[in-house]
Structure formats: C-alpha cells, structure tokens
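Colleague: Could you take one helix of this model and walk me through it closely? I would like to see how it sits in its surroundings, and then how that fits with the rest of the chain.

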Amino acid sequence: MKLNRVISAASVALLLLTSLAVSVGAQDVVELAPLTPPPVVDHTAMVNENPGSYIVELSSAPAVEGTSKATLKKEKDEFRKSAQKNGVKFTERYAFDDLVNAISIEMDPAQLPALKRVDGVKAIWPNLAVERPQATNVPSEPDLYTAVNMTGASYANTELGYTGKGIKVGIIDTGVDYHHPDLGGGFGPGYKVFTGYDFVGDAFNMDSTLPSYNPVTTPDENPDDCGGHGTHVAGIVGANGAVKGVAPDVTFGAYRVFGCEGSTNSDIMLAAMERAVADGMDIINMSIGASFQWPEYPTAKAATRAVNKGVVVVASIGNSGANGLYAAGAPGVGDKVIGVASYENSHIYLNQFTVTPDGMNVGYTNATAAPIAPLDGTYELTRTGTQTKVDDGCTQLPAGTLAGKMVLIRRGTCGFYNKALYAQRAGAAGVVLYNNAVGSVNPTVAPVAPETEVITIPVVMISMAQGNLIDSRLAAGPVSMTWTDTKGSYPNSLSGTIATSSSYGLAPDLSLKPDIGAPGANIYSTYPLEKGGYATLSGTSMSSPHVAGTVALLLQAKPHTPAQAVRAILQNTAEPKNWQGNPGLGYLDQVHRQGAGMVQIDKAILSTAKVEPGKLSLGESEAGPAVRTLTIENNGATAVAYDLQHVPALSTGPNEFTVGATTGFAAVAFSAPSVTVPAGGTATVTVTITANPGLAQRSLYGGYIVFNQQGGGQKLRVPYAGMKGDYQSVPILTPTANGFPWLAKVSGTTYYKQAEGATFTMQNGDIPYIAVHIDHQVRRLRVEVKDAVSGKSWHRAFADEEYLGKNSTATGFWGFSFDGTTINGKQVNVVPNGTYVLVMSVLKPLGDENNPAHWETWTSPTFNIARP
C-alpha cells in the first residue's frame with residue numbers, strides 16, 4: 001500500500017521504538033521533519049551572477065593528453081591574432097597548456113558574441129569567483145584537535161605506524177605560514193614546506209564589494225599566509241607539533257591563490273594546479289571551489305586530468321547546504337576528484353560561565369546583533385518559565401520585573417529577538433537562551449519588524465541539557481552565575497552527523513557527489529602566528545584536508561596504489577551516518593549529502609579487499625530498474641565469503657531550493673545472496689536497483705550495497721544514488737518573483753527590463769540583453785534571432801552556451817547579449833534595422849537534442865533595431 005503523508009518526528013520515533021524500525025515499508029513514503037529547522041536563505045534579492053572575466057578553451061587537447069607544447073603555443077598565437085582581427089578587445093590574464101588548453105581574459109560581456117566567432121574557440125566559461133570561509137572561534141589550548149579520532153587516523157599513526165612520511169601534499173589556498181613551528185619553521189629544501197609559489201600577492205582581492213578590491217596580481221616566490229585559511233588546512237593535513245595533523249610527516253608545496261582579504265578566481269586555481277603537478281605533488285588539496293557547476297567546468301576537468309597524470313586530487317564539495325540540491329562545487333564535482341562533505345566534530349570549544357552551588361561550567365555561544373558577553377561579573381539568575389513551557393519568554397513582562405538579573409529562557413514559539421526584547425524591557429542584565437532540542441544553534445537577535453528596538457544586553461545560547469539542569473536548580477532554590485574568561489571542550493550532541501552547511505549533490509549529470517565525508521565543523525588547527533597561532537574553523541574546507549591526510553597515510557601504507565583507485569578504497573571502508581535532522585530516528589542521511597560516509601583510514605589500510613566501482617551513479621529511473629555489476633577483488637591469502645545486504649538511506653523531494661527528507665526506499669535485488677572470492681582473485685555480483693514507485697518525480701534517492709564478511713571481519717560498502725523518473729521534466733526557465741526572463745538594457749552593471757517595442761541603436765553598448773534565471777543546470781543554451789513580422793530566421797545570436805551552471809538563488813540571473821550580428825556555421829550576418837524577437841532555447845541536462853520535449857523555449861518581447 002502506498003503511503004503519502006506527513007508525520008511528526010516524535011511520531012516516527014515512537015513508531016520506530018515500538019516496531020523495531022520496520023514500520024516504514026519498502027514502498028512507503030514518509031516526509032520527515034528535522035528537530036532543528038534548516039537555515040533560511042534570502043531568495044528574493046536580485047543578483048547578477050555574470051562574471052567580469054572568462055576562461056576561453058581552445059580546440060586542441062592539453063599537453064597532459066598528448067598535444068605538443070609547440071602546437072599549443074601556435075594555437076594561442078593564432079587565437080590572439082584572430083581576436084584582434086575581429087575587433088575583440090580583452091586583457092589576457094593567464095595562458096594554460098598542461099591540464100587545460102585555454103587563455104583567461106578580462107572583457108566587456110557585450111563582446112561575448114564576437115568572441116564566440118573567433119576561430120579556434122571551443123568553449124567560453126565564466127571565470128567564477130571563489131570565496132573562502134572565515135574563522136568561527138579562536139581557542140587557546142592546542143590539545144583540542146579531536147577530529148583525528150573520528151577517522152581512524154590516530155590509530156593509523158600510533159598503532160599501525162603510518163604518518164605520511166615521504167608523501168608530498170600540495171595545498172592550493174591562502175598560502176601557508178611556514179614560520180609556524182608546527183609546520184616546520186621555515187621554507188625551502190629541507191623544510192616541511194619545501195616548495196611553493198605566491199600567484200597573487202598580499203593586496204590582491206577580486207571581491208569588488210569590498211573597499212580593498214584590487215584585481216592586480218603581484219606574484220612572487222614566497223607563499224606565506226596572511227589570511228589564515230591555508231595554514232589551518234595545512235595543519236589538518238600534516239601539522240607536527242603542539243597540534244598533530246592526520247599525516248604529521250608529510251611535506252608540503254604551498255600554492256597561494258588568495259590575497260590577505262576577499263576572493264580569488266578559478267583561473268588562478270588552474271595556474272596553481274598546473275604548477276603543483278609540475279612540482280611532483282602526490283596529492284593536491286583544494287579547500288575552495290565554485291558551487292553549482294558541471295564536471296566539465298575547467299577546474300573540475302583539470303583536476304580529473306591531474307588524477308589521470310597520477311596525482312590524487314581532494315577538494316571540498318562546498319558550503320551551500322542552505323542553497324538546495326545540485327549545489328556541489330568545482331573542482332570537487334570533477335569525475336575523478338574526491339569531493340568531500342563535512343561532518344560535525346565530536347567536540348566543540350566554547351566560552352564558559354559558572355553557576356552555583358558547585359561552580360559548574362556552562363559553555364555558550366554569543367548571539368549575533370547583541371553585545372558580546374563580559375568576561376567577569378556575578379549576577380542572580382532567574383527564569384521566566386520551565387523546561388516544558390513551549391512559549392517561554394514570548395509575552396511582555398512588567399517593567400522592572402527582571403531588574404539587574406540574568407534570565408534563563410527556553411527556545412520555542414517566538415523568535416530569539418522577541419525573547420531578548422521582552423527581557424530587556426523588563427530590566428534584565430542579560431539573557432541565557434537554552435535549546436529545546438538536541439543540537440547547536442547560532443541565534444540572532446537583530447530587530448524584527450515592526451519592532452526596531454536594538455538589543456543592548458548580552459544574549460547567549462546554551463545546550464538543552466545544560467539549560468534543563470540550570471532550570472532544575474532554579475526550581476530548587478536561588479542560583480547565581482559568573483561570567484569567566486575561560487573556554488572548555490564540550491561533547492557535540494550532533495557528533496558525526498552532516499554539517500548543515502555541507503552542500504548537496506548530485507552533480508548535474510547525475511553522477512554521485514559528494515564522494516565521502518570527514519569532520520569539518522569546529523576543527524582546531526594551526527593558524528598564522530601573527531593571528532594567534534591556532535584557531536577553530538568550520539566547513540568542507542576543513543573536511544577536505546582530513547581526507548587528503550588519510551590519502552597520504554594510504555599511499556605510505558600501499559605505495560603502489562594508482563591515483564585512480566584511491567577513491568574507491570576509501571569509499572569501500574567509510575561509514576555512513578544517521579540523518580542530521582534527527583539522528584535518533586535511525587535513518588541514514590542522504591547519499592547525495594554524505595557520499596560513502598565518514599572516512600575510516602585504519603580500515604582502508606587494513607582491508608585486503610576492494611569493490612569496484614566504488615560508487616554507483618544510477619541516473620534517471622524513467623527507463624526502469626538500474627542493473628550494475630560489482631567486482632570484488634581479494635588480495636588476501638585465503639578465500640573470503642560475503643553476504644550481501646541492502647541498507648537504504650533517506651531521499652529528498654523534487655524541490656531543489658527547499659529540501660525535505662523522505663523515506664521512499666529503493667528495492668534492491670542481487671544475482672546471488674552471497675559470494676565467495678578466491679585468494680588473489682575476483683568475483684562479480686549483479687545488482688538490480690528499482691526506484692520506489694511512491695516517490696515523487698525528480699526525487700533523489702540512494703543507499704548502500706554492503707558486503708558482510710561471513711564469520712565477522714571486514715565490511716565493504718558501495719553507495720548508490722539516482723533520480724526518480726524523467727530528468728528532462730525538470731523545469732529550467734521557471735518564472736521568478738522578478739519576472740525573469742527579461743528583455744533588458746544594461747547601464748554599467750545594472751539591468752533594466754524592457755517592454756514590448758523597445759528600441760536599440762546597437763551603438764555604444766545600446767544593445768539588447770536577455771536576463772534569465774536558470775533554475776537548474778543547462779546542457780545547452782542557444783538564442784535565435786527572428787524577424788517579428790515575417791518570421792524569418794536570422795540564425796543564432798551567438799555560438800551555443802554549454803554546461804551552464806544554475807543560479808545560486810531563486811532570483812539570481814545570467815545575462816546574454818546580442819550585438820546585432822548572427823552566425824550560421826562560419827557565415828556572419830549583420831542583422832538590418834527592423835523589428836525582431838529573440839527566441840531562447842535550453843536543452844535540459846542529459847537531454848536528446850533531437851527530442852523537442854527535452855527543450856524549453858522563451859520568446860522575448862518585440863524590439864526594434866534602429867541604427868542611425
């Protein structure tokens with residue numbers, strides 16, 4: 001029987017407890033509610049996502065695939081001459097030969113149609129901005145680095161004796177503070193950081209919204225770090241001092257692609273990748289990337305080619321968890337790249353206050369938009385409700401009721417701002433909020449309309465457990481609290497669950513991303529000495545170096561492992577974790593959120609078997625069940641028998657921007673229930689996976705094929721993921737609140753919507769643009785110019801756009817210009833004065849160009865070309 005209904009998390013928990021987790025059948029679909037609502041992203045502000053620079057890919061394959069350097073040089077020279085001949089004006093940034101055959105340029109977007117007509121141009125890619133995360137806390141004790149215990153790295157170091165010795169790791173980031181004693185204390189041959197390069201200089205910053213914006217690079221040979229991010233990343237991989245990284249005996253190449261502030265660009269990442277490969281790195285870590293991209297994006301493609309060259313590439317999958325599905329970033333989305341998700345650390349490091357009668361420490365986080373809590377002072381503590389009151393602190397209190405006191409208030413019903421505001425008006429000296437659910441919250445008390453009063457008292461957040469304990473003490477008698485300048489380590493109630501910021505997959509070609517996960521939230525590591533020496537940061541930027549470090553341990557333990565095989569070995573032995581929304585329900589989190597699971601390097605090193613492929617990307621289910629063959633290789637001295645098992649994971653519904661969790665598990669059948677693999681031999685198993693018929697169309701589903709060794713022993717897993725139904729039914733040109741698509745004029749960087757009958761002179765930038773919101777990644781976009789009266793086609797406004805990334809918010813947009821000329825093969829036509837429309841067509845991902853149903857079209861309002 002098909003079940004389509006919404007039930008509460010508490011109800012599901014009760015069902016599980018009373019029926020041993022079998023109440024949800026194979027074809028039942030239950031929507032689940034998380035204990036803590038996910039973060040909300042503003043999807044109303046218009047955002048022009050067009051870049052100011054481009055990566056121009058040329059016709060021949062790069063040097064790594066066999067093209068000679070002479071041929072590549074000749075091709076670039078011919079491109080420059082042809083562009084000049086055609087009147088295309090640009091400033092060249094970088095030229096690439098090794099991993100991609102391309103030139104990056106700065107150019108007025110109005111010249112894109114002309115650039116597309118230049119001979120030898122294969123593709124033009126936006127040179128996307130690459131942001132970096134910021135520090136969250138700065139603790140003072142260097143013994144808090146707990147995450148290595150979660151991945152088996154501590155065991156691999158101390159019990160198995162592997163430390164990454166002899167392995168070279170390239171860190172492409174903000175540089176590395178090589179003066180740091182934990183990172184070797186120097187730079188150059190003989191030091192831990194033995195090579196590197198600064199591609200940008202201190203003052204470089206590509207973020208035009210900052211006062212420090214400066215697109216000028218000043219490269220040099222000194223890859224020191226004034227930002228901090230790269231030093232933190234390097235410490236996670238291989239610090240060896242007060243902090244010990246995953247692989248403390250690795251050596252580093254440091255490749256700096258950020259200035260002291262702001263963002264960088266994808267072309268600078270490409271330059272760093274080429275140099276890292278040339279410098280002989282065994283592993284490259286990139287804790288940076290650009291979200292919502294195809295595996296064909298240049299940084300992803302170049303990273304895959306580096307793997308083919310023998311370099312293992314590890315990259316963060318992105319921190320766009322609040323932005324919905326298909327958000328995985330390049331280069332992590334690359335075909336052979338290990339794209340890494342972020343899990344919560346086992347502990348968090350917090351500021352503390354104490355409470356009577358025993359001086360118990362209570363860890364807290366400061367609310368944003370309120371004053372920071374003081375570091376001393378004792379106050380009487382009171383409360384406005386109890387640990388069962390659902391609307392605690394949600395009503396006005398008489399003035400003076402809380403005068404001079406700190407007040408304990410339970411989360412729930414009304415917003416944090418209202419609770420703080422009513423306490424402030426009652427004279428409170430400050431507010432201690434406590435959670436009403438397991439997990440951590442970063443509250444904000446910014447004014448909420450219609451109120452405008454600013455919060456002027458400290459507001460802090462503590463855990464549900466500590467809040468309930470304080471509430472019980474208050475019920476028994478007077479309690480006081482004292483602010484302190486101390487910090488402490490606290491168990492993280494969400495330990496081992498996916499961090500809410502970690503990006504969802506799949507990749508737009510429905511390949512399974514992310515590949516694997518590691519601790520990334522609240523990670524303690526090295527930091528530049530001038531910034532305190534140590535810091536706690538969060539994000540997939542921190543999980544990626546955990547995996548890079550485990551790769552170093554694996555390569556030391558198994559030095560003949562091909563770069564292309566490393567990912568599958570790690571995936572086989574990883575451990576998937578329960579749903580972050582409510583771990584107690586016992587459901588595994590989505591495969592397209594955590595990949596194979598938490599990396600377990602000790603098990604990967606000790607394993608004598610592997611299963612390939614290491615993951616199954618099922619694609620769309622429209623054609624029926626997916627049939628795949630898995631090959632088990634036994635490198636042990638005796639035959640091994642395995643029992644096969646299917647363990648499903650949660651699904652997500654079709655809404656890409658507002659992501660929900662559902663059951664709706666797939667059905668899996670095996671060609672045999674068990675398999676025996678001879679010593680030194682292989683065996684195969686056929687797996688048939690059928691999507692749940694009750695799942696909504698375009699839902700993403702997944703699970704794990706598990707090989708359980710008979711008699712106990714190793715357990716190997718292969719994750720799978722797919723999309724229910726017809727992928728080509730996905731909407732692309734979805735109307736938005738701002739009315740996209742538009743026919744537009746552009747002044748500076750501002751787009752102005754044009755009504756029917758707009759006129760363009762085609763001079764001095766007065767040309768028509770299409771402003772379009774892309775709700776999902778596009779395989780191909782083309783624009784045809786048609787006479788509005790006769791219907792005659794004047795052919796295409798420019799060469800087709802391919803592999804276009806989706807917009808990052810529900811109202812973001814791309815802009816495409818028409819310069820008054822069209823192309824028909826190699827023929828260029830000047831469109832005469834007259835009345836026209838632009839017909840934009842988009843081919844949906846994995847669509848068939850010859851199938852009209854796989855295209856969406858939009859026709860612009862009529863407009864007039866009126867050259868003087």
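Modeller: Happy to; I will start with helix α2, then turn to a sheet elsewhere and finish with the chain as a whole. Please keep in mind that this is a predicted model.

Helix α2 covers residues 69–85, which makes 17 residues. From its first C-alpha to its last it reaches 24 Å, close to the 24 Å expected at 1.5 Å a residue. Its buried residues are Leu72, Glu75, Lys76, Phe79, Ser82 and Ala83. Looking down the axis of α2, you will find these buried residues within an arc of 130°, so they line one face of the helix. The spacing is worth a thought here: an α-helix has 3.6 residues a turn, so residues three or four places apart point the same way. Note that the buried set includes Glu75 and Lys76 alongside Leu72 and Phe79.

Now turn to the other side of α2, where Ala70, Lys73, Lys74, Lys81, Gln84 and Lys85 are exposed. Lysines therefore appear in both lists: Lys76 is buried, while Lys73, Lys74, Lys81 and Lys85 are exposed, as the cut-offs are under 20% relative accessible area for buried and over 50% for exposed.

What lies over the buried residues? The cover includes the strands β4 (53–58), β5 (91–96), β6 (102–106) and β7 (121–126), together with helix α3 (112–116). Just after α2 ends, Gly87 takes a positive phi of about 75°.

For a second view, go further along the chain to an open sheet of 4 strands, in the order β27-β29-β35-β33 and with antiparallel pairing. At its edges stand β27 (609–612) and β33 (667–670), each with a single partner strand, so one side of each is left without a neighbour in the sheet. Direction ignored, neighbouring strands of this sheet are turned by 25° against each other on average. The partner of β33 is β35 (residues 682–690), and 4 bridges join these antiparallel strands. One pair to look up is Phe670, whose bridge partner in β35 is Val687.

Finally, step back to the whole chain. Its secondary structure comes to 13 helices and 50 strands. The radius of gyration is 28 Å, which agrees with the value near 29 Å for a compact globule of 868 residues. Along the principal axes, the C-alpha atoms fill a box of roughly 90 × 75 × 65 Å. Buried residues make up 58% of the chain. Of the contacts between residues at least 6 apart in sequence, 78% join residues at least 24 apart.

Technical notes. Residues numbered from 1 in each chain as written. Predicted model: local features only at pLDDT ≥ 70, side-chain atom pairs only at ≥ 80, totals over all residues. Heavy atoms only, no water. Helix = DSSP H or I, 4+ residues; strand = E, 2+ residues; numbered from the N terminus. Expected span 1.5 Å × (residues − 1). Buried < 20%, exposed > 50% of the residue type's maximum accessible area, 1.4 Å probe, protein only. Arc of directions from axis to C-beta. Contact = heavy atoms within 4.5 Å. Pairing = 2+ DSSP bridges. Axes fitted to C-alpha atoms, helices over the stretch in contact; angles between N-to-C directions. Rg over C-alpha atoms; globule rule 2.2 N^0.38 Å.
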